[in-house]
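Notebook open, coffee poured. I'm going through this one piece by piece and jotting down what I look up.

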Amino acid sequence: MKKRILIVTDFTVRSLNLLKEALTTSHTKGETVDVVLVHGIFLPDSSIDLLFYSKRTLIKELTGSEFTSACHLIKNKYQSTLNIMTTDLFSGLSQRSFDEYLVKEQIDEIYMGSWKSKSCHSRSFDLNTFVRNTNKVNKIIVKLDSEPSTTVDAYQDMVELFFSRGHVVPSTDN
Amino acid sequence: MKTQNKIILVLIAVFVGYTILFSVFIYYNISNYAFADFYKRLEIRAITTAKFQLEEKEDAEVIRELRQEHLETLQDEKINLYPLSSDRSWKAIDGIEEYNSGFVEEVVTSGTATFNDQKTFYYGVVYRSSDQKDYLVLISAENYFITHHISYFRNLLFISLGVAFLIILLISFLFSRKIIEPINQIIHRVNEISTGNLHKRLPEQSDNDDAISKLTRTFNDMLNRLETSFESQKNFISNASHELNTPLTSIIGEADVALSKLREPAYYIETLMTILEDAEKLSKKTSALLLLAQTGFDGKKQKFEKLRVDQLIMDVKGTVEKINPKNQVQIDFSLLPENPSLLKIDAIEPLMHLAMSNLIINGCKYSNHEPVQVAFGVTDTQVIILVKDQGIGIPQNELQFIYDPYFRASNTKNHEGYGIGLPLARNIIRMHKGQLYVSSETGKGTVARVVIPIGSSL
């Protein structure tokens with residue numbers, strides 16, 4: 001069975017633990033999945049910025065080299081499980097637009113972290129609120145057993161990706 | 001001769017040679033032109049004069065006016081007309097002796113001729129008038145350009161040659177110094193490096209591919225190899241003295257106690273058993289240590305070969321646990337790629353083995369033999385290996401010194417060691433075009449990350 005999974009990301013390596021968790025689950029079930037990494041970001045306010053707004057450049061700007069190599073790391077690990085992985089930005093303002101986005105993208109499952117995501121851009125917003133309130137699709141909340149790194153070391157997160165284990169938090173709101 | 005002087009000489013020779021050639025060419029052509037041009041001017045004067053003196057009145061008048069109006073009189077211009085007899089003998093002509101006889105002879109035989117002494121230029125032509133009589137027309141004048149301007153022109157060329165020489169000298173001096181300077185710097189820096197400070201490297205200025213950068217890189221590669229081979233010896237001694245002492249002391253102690261007085265046979269058997277056990281441990285340790293130290297001693301050339309990282313880590317785990325059975329290594333396969341061919345790197349196996357076991361042994365040693373976790377994964381371009389321990393860590397302000405040989409962090413007083421393992425590991429990883437990063441938190445543990453490029457897919 002083929003599934004499409006939405007993963008809430010803030011372009012930190014830490015958020016890729018969700019991806020790892022999602023793929024591990026699918027791998028054990030023997031499914032192949034398509035993954036969409038989605039980050040919530042408002043459209044620019046000024047008309048000139050809007051004129052030159054391009055999702056692709058913005059995504060390029062937001063993804064760091066650590067994030068890219070971590071993605072490759074996971075891709076190599078789950079070559080047979082992971083079918084296509086894309087990155088997208090969600091700029092809707094209302095719960096309804098998010099629900100519509102889920103339908104349009106044909107999302108079957110959402111993975112979100114139990115921790116507070118970092119805002120990596122001045123216009124970023126927390127997508128988790130929308131995810132929590134939607135009831136269109138199956139939501140899976142993942143809790144990590146390690147605390148978010150306090151050190152400024154860029155690759156501390158990479159270490160976490162290797163050694164930390166995620167746990168699915170049993171959902172209470174359904 | 002110094003290279004700088006050589007460069008200066010070659011540059012000067014080339015440039016001055018070129019300038020001289022250039023000047024001679026210009027001088028020769030200008031003076032040639034001046035000669036040809038002046039004879040042309042003499043010719044037109046000779047012809048017009050002959051015309052208006054010998055031809056019909058009306059035509060002659062026009063020509064005379066033309067000549068007077070448009071042809072300026074040359075300096076010392078002198079023109080003579082002599083009628084020629086039909087047998088063309090000219091020697092008897094009155095006043096002809098002031099001209100050079102060879103010149104006049106040539107005029108008579110070939111129709112026209114030119115001649116010059118230092119100052120005065122002569123032109124002669126045999127003119128046939130409309131009534132079929134021949135006249136000898138001889139004109140002479142001083143060439144003002146040749147007498148005055150040409151010497152000025154010559155001086156000008158000489159002065160510019162001199163100035164050019166000075167400029168070339170200056171330029172070639174500056175140029176050669178610019179070329180030589182980086183080489184001198186490298187020589188200076190390499191001179192500073194000796195066995196005492198073999199960990200020093202030449203600063204690599206730029207990434208471009210010029211000869212100087214290549215030279216620097218070559219020197220650094222050589223220093224890496226040198227330092228690695230120096231240190232792998234020291235590393236052996238350091239490891240051996242640390243690891244071999246304990247079982248030896250135990251053996252000696254047991255034997256000593258047993259021999260202190262006469263005992264029951266059962267006691268001897270027990271003692272010998274203990275000694276045998278210790279000796280076996282010792283033998284295992286020695287063979288593992290020798291395995292690490294044999295790099296470069298087996299007479300084989302060290303070659304880069306395809307090496308699978310998972311295989312390497314398993315081997316290292318074996319070695320590390322042999323050296324001290326208390327060492328525990330946990331290998332984390334959670335990010336092992338599905339395609340095993342991605343795990344291949346280009347490496348010198350014994351060296352990589354040495355580097356990885358140093359990192360892991362350090363982890364074991366400074367965490368009092370708590371388990372050390374080793375994980376690895378592959379990105380699109382590189383293999384990442386992580387070694388994580390739960391040891392004493394390294395103080396933040398000392399992290400920058402950990403690669404200096406013989407440096408030991410301030411909190412390692414209770415642990416034996418010589419500060420050789422980590423610099424050696426970094427050297428080996430550098431030789432494989434990889435990088436070693438260490439991050440640590442005091443009391444919590446240390447994580448070493450090794451990043452090595454994936455081997456070319458051949």
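**Salt bridges**

I started with the salt bridges and got a count of 19 over all chains. Worth keeping in mind: this is a predicted model. The pair I wrote down is B:Arg449 with A:Glu66, whose side chains meet at 3.7 Å, N to O. I checked that against the cut-off, which is within 4 Å. Where do the two partners sit? B:Arg449 is in strand β11 of chain B and A:Glu66 is in helix α4 of chain A, so this pair joins two chains. Note to self on the background: side chains of opposite charge can pair when their charged atoms come close.

**Where chain B meets chain A**

That pair sent me to the interface. How many salt bridges are there between chain B and chain A? The count is 1. I looked at polar contacts next and found 7 residue pairs across the interface of chain B and chain A, both residues at pLDDT 80 or more. Then I asked which elements of chain B give two or more residues to the side that touches chain A. They are β8 (372–378), β9 (382–388), β10 (435–441) and β11 (445–453) of chain B. β8(B) gives the most, with 5 residues. Sorted by class, that side of chain B has 13 nonpolar, 6 polar and 6 charged residues.

For the overall tally, I noted 25 residues of chain B in contact with 23 residues of chain A. The two chains bury about 2,100 Å² between them, and 61% of that is on carbon and sulfur atoms. Which residues of chain B lose the most area to chain A? I got B:Leu335, B:Glu338 and B:Arg449, together 31% of what that side buries. So B:Arg449 turns up here as well as in the salt bridge.

**The sheet of 5 strands**

Several of those strands belong to one sheet, so I traced it, with a reminder that strands of a sheet pair through backbone hydrogen bonds, either parallel or antiparallel. It is an open sheet of 5 strands in the order β6-β8-β9-β11-β10 (chain B), and the pairing is mixed. The edges are β6 (329–332) and β10 of chain B, each pairing on one side only. From one strand to the next the twist averages 15°.

I zoomed in on β10(B) and β11(B): they run antiparallel and are joined by 7 bridges. B:Val438 has B:Ala448 in β11(B) as its bridge partner. Helix α4 (residues 65–77) of chain A packs on this sheet, touching β8, β9 and β11 of chain B, and its direction makes about 90° with that of β8(B). Helix α9 (residues 421–431) of chain B packs on the sheet too, touching β10 and β11 of chain B, at about 145° to the direction of β10(B).

**The sheet of 4 strands**

Last stop, another open sheet in chain B. What is the order of its 4 strands? I read β1-β4-β3-β2, with antiparallel pairing. β1 (78–83) and β2 (112–116) of chain B are at the edges with a single partner strand each, so one side of each has no neighbour in the sheet. The twist here averages 15° from one strand to the next.

β1(B) pairs with strand β4 (residues 134–142) of chain B in the antiparallel sense over 6 bridges, and B:Leu81 stands opposite B:Val137 in β4(B). Helix α3 (residues 101–110) of chain B packs on this sheet, touching β2, β3 (120–128) and β4 of chain B. Its direction makes about 165° with that of β2(B).

Technical notes:
Residues are numbered from 1 along each chain as its sequence is written. Chains are lettered from A and ligands numbered from 1 in the order in which they are written. This is a predicted model: local features need pLDDT of at least 70, side-chain atom pairs count only at pLDDT 80 or more; totals for chains, interfaces and linings use all residues. Side-chain values use heavy atoms; hydrogens and water are left out. Two strands pair if DSSP finds at least two bridges between them. Axes are lines fitted to C-alpha atoms, for helices over the stretch in contact, and angles run from 0 to 180 degrees between N-to-C directions. Contact means heavy atoms within 4.5 Å. Buried area is the accessible area (1.4 Å probe) that two parts lose on being put together, summed over both. A polar contact is a pair of N or O atoms within 3.5 Å; within protein, one must be able to donate a hydrogen and the other to accept it, and residues adjacent in sequence count only if both atoms are side-chain atoms. Ala, Val, Leu, Ile, Met, Phe, Trp, Tyr, Cys and Pro count as nonpolar, Asp, Glu, Lys and Arg as charged, and the others, Gly among them, as polar.
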